[in-house]
Amino acid sequence: MFADFGGQAIRQGADRANVYDLRANILSECLERPKDALRDAKMVIKLCPDAPKGYLRAAQIFVKLGSMDPASRMAEHALKCTSPDNPKHDAIRQSLVTLQAEISKKSCHVSKLPIELLTLVFEYASVLYVDESNSETMRGYLGGKRNPRLGYDVSRVCRYWRRAALDYPPIWRTLVLGNRRPAAKVQLWASRTGGNLEELIIQPGTHVHLLKEVIATFKKHITSPPTIIRCGIDEWDLLDKALYNQQSRPTELNITSSQRTLVPHLKSAGLQSMTLNQVFITWQDDGQSFRELKFLKLKGPFLMNGHHEGFLGRLAEAENLETLIIERDPIQQITSSPAPQNPVIHATLAHLRYLELSKFSDEALQILFDRFDFPQLETLNLQGVPRACASLRLIRRRLRPQQEPQEVEMELDPSPLKALRLRACTFDTDVLIDILGTQCEKLEILEISGAGMDINPLLNALAGDRRPTAICPDVKEFNFNRSPTLTGAPLKNLVKSRIPAEDQSKQSDIQSLMLDGCPKIESQLLPWLWQKVKRGSCV
């Protein structure tokens, strides 16, 4: 009703600006009519353009409407109209400070970025985190490193982000297909990328008849087949026959099978990355080359009838290999000697920097480490390996040249190894201490987890109790998870040895200390530990 009385007051010649301002306040706050209130606020500005109250009222109404940009402009105008020397403006200035803080909280600052910077943010956000301590996050040389949902997620934030995302093809170049209208999705993604898809992921269980529709749509709308493929063995068989030829081959291939499957002829031309899960090939010399391979991940059975010489021969061809991950099938046996007609293979993988081996027997490791040299190896992960120290000794020996089989093996200089992870491995603690002290001077990450033997002497050696100086002084990350024999005293010595001697009140240079599943560590020690290390866990 006051809105009607306000109209009467205006018509009767009252102070029109004050009445309009009062009516705008009531319309906005009491009657929930912000658009009508905004018209009155504009009348206040028109009647008193040099007074701050109209601009302040308009700014408050714009905030209520969710329009932060005009609210910010009105608040700035109001602030310009106030004077620090006028005590009547003090309350208005205080209201403006509070209002500007609210506007800042509710504003979308990213929308003010130039489109070039915003798309650059999208590009960085699309990169998935790869944890070298967890090979499950390592899906390929390039493939699997981009979040396939990024375009979908950012386009739902606001209209500005959606417009930017739709105009930026790179974040749409990974396509995930399942049973929900896959052919229509291919056509949509083709329009967003200009027909240039980079990565294709086919979810398990996708129906064959839908895949045939997808292939027909690909041929119409996609300029060239994707270079990165992640799918099952049956899906790959269809794609390979329909989309690829000698001139166009994928550079990355990730094939998974729900059961052990043999692929007799896998075309390797142009492959830079290959991941096989429960899929094995013959590894025969059938004219295919693995020379360009940079990433190789084998999970499950990877040898045909246990004969390893074919595999070693193909591995020796991969002179550019940088990452090798093998999880052996526990029931698969490996023959102890090559067939008589095949020469013994020795080779150097000069570019290999990451090596992870799981569930390997002594004999299998002996074969691998005795045949290959890894002069640039930076990360070594061994899991479920008996006699791990024997493997570490072999890995740093120079191989006998093939033309001089009787030459004595020579020790190399200390290795460039930066990360060593021994998980559920067995070893002689004294031998491991000797190897770490003589061959791993550049080590930065050390994990000894799931060890059933006593590792307390190892921690004492790392603290410098056995030598004039501590071994592996550059290690910043320690992981001793699931070590039932580990006690608090050697652990405290290790942390104290990494604190600057001139000031023991400072933190140590240890970045991470993981102690989960170590029941013999005294709880009283933990508060001191967490003061001295930057990140840690003991549960």
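Accessible area here is the Shrake-Rupley kind, taken with a 1.4 Å probe. By that yardstick, the protein in this predicted model exposes about 27100 Å², and carbon and sulfur atoms supply 51% of it. Of its 539 residues, 47% count as buried. The fold is built from 19 helices and 16 strands. Take the contacts between residues at least 6 apart in sequence: 64% of them join residues at least 24 apart.

**The cores**

The largest nonpolar core has 111 residues, and those with the most contacts inside it are Phe427, Leu436, Ile448, Phe480 and Leu513. Helix H14 (residues 362–371) gives this core its largest share, five residues. If you want one residue to click on, try Leu513: setting aside neighbours within four places in sequence, its contacts include Phe478, Phe480, Leu491, Trp530 and Val533. Arg535, Gly536 and Ser537 are also among the residues that Leu513 touches. There is also a second, separate core of 22 residues, with Tyr55, Ala58, Ile61 and Ile103 among its members.

**Three strands in parallel**

Now look at strand E2 (residues 199–202), which is covered on both faces. Glu199 and Ile201 sit on one side, Leu200 and Ile202 on the other, and all of them are buried. That back-and-forth fits a general pattern: in a regular strand the side chains alternate between the two faces of the sheet.

E2 pairs with strand E1 and with strand E3, as the table shows.

| Strand pair | Sense | Bridges | One bridge pair |
|---|---|---|---|
| E1 (residues 174–177) and E2 | parallel | four | Thr174 and Glu199 |
| E2 and E3 (residues 228–232) | parallel | three | Ile201 and Arg230 |

Helices link these strands. E1, helix H10 (residues 182–193) and E2 make a right-handed β-α-β unit. Going on from there, E2, helix H11 (residues 208–221) and E3 make a right-handed β-α-β unit too.

**The cysteines**

How many disulfides does the structure hold? The count is zero. Two cysteines are worth a look. The sulfur of Cys472 has its closest cysteine sulfur in Cys440, 5.9 Å away, so the gap is too far for a bond. For Cys518, the nearest cysteine sulfur is that of Cys538, at 6.2 Å, and Cys518 is in no disulfide. A disulfide would need the two sulfurs within 2.5 Å.

Are these two cysteines buried or exposed? Cys472 counts as buried because its relative accessibility is 3%. Cys518 is buried as well, at 5% relative accessibility.

Notes: Residues numbered from 1 in each chain as written. Predicted model: local features only at pLDDT ≥ 70, side-chain atom pairs only at ≥ 80, totals over all residues. Heavy atoms only, no water. Buried < 20%, exposed > 50% of the residue type's maximum accessible area, 1.4 Å probe, protein only. Core = buried A, V, L, I, M, F, W, Y, C linked by side-chain atoms within 4.5 Å. Helix = DSSP H or I, 4+ residues; strand = E, 2+ residues; numbered from the N terminus. Contact = heavy atoms within 4.5 Å. Pairing = 2+ DSSP bridges. Right-handed = clockwise from strand over helix to strand, strands pointing away.
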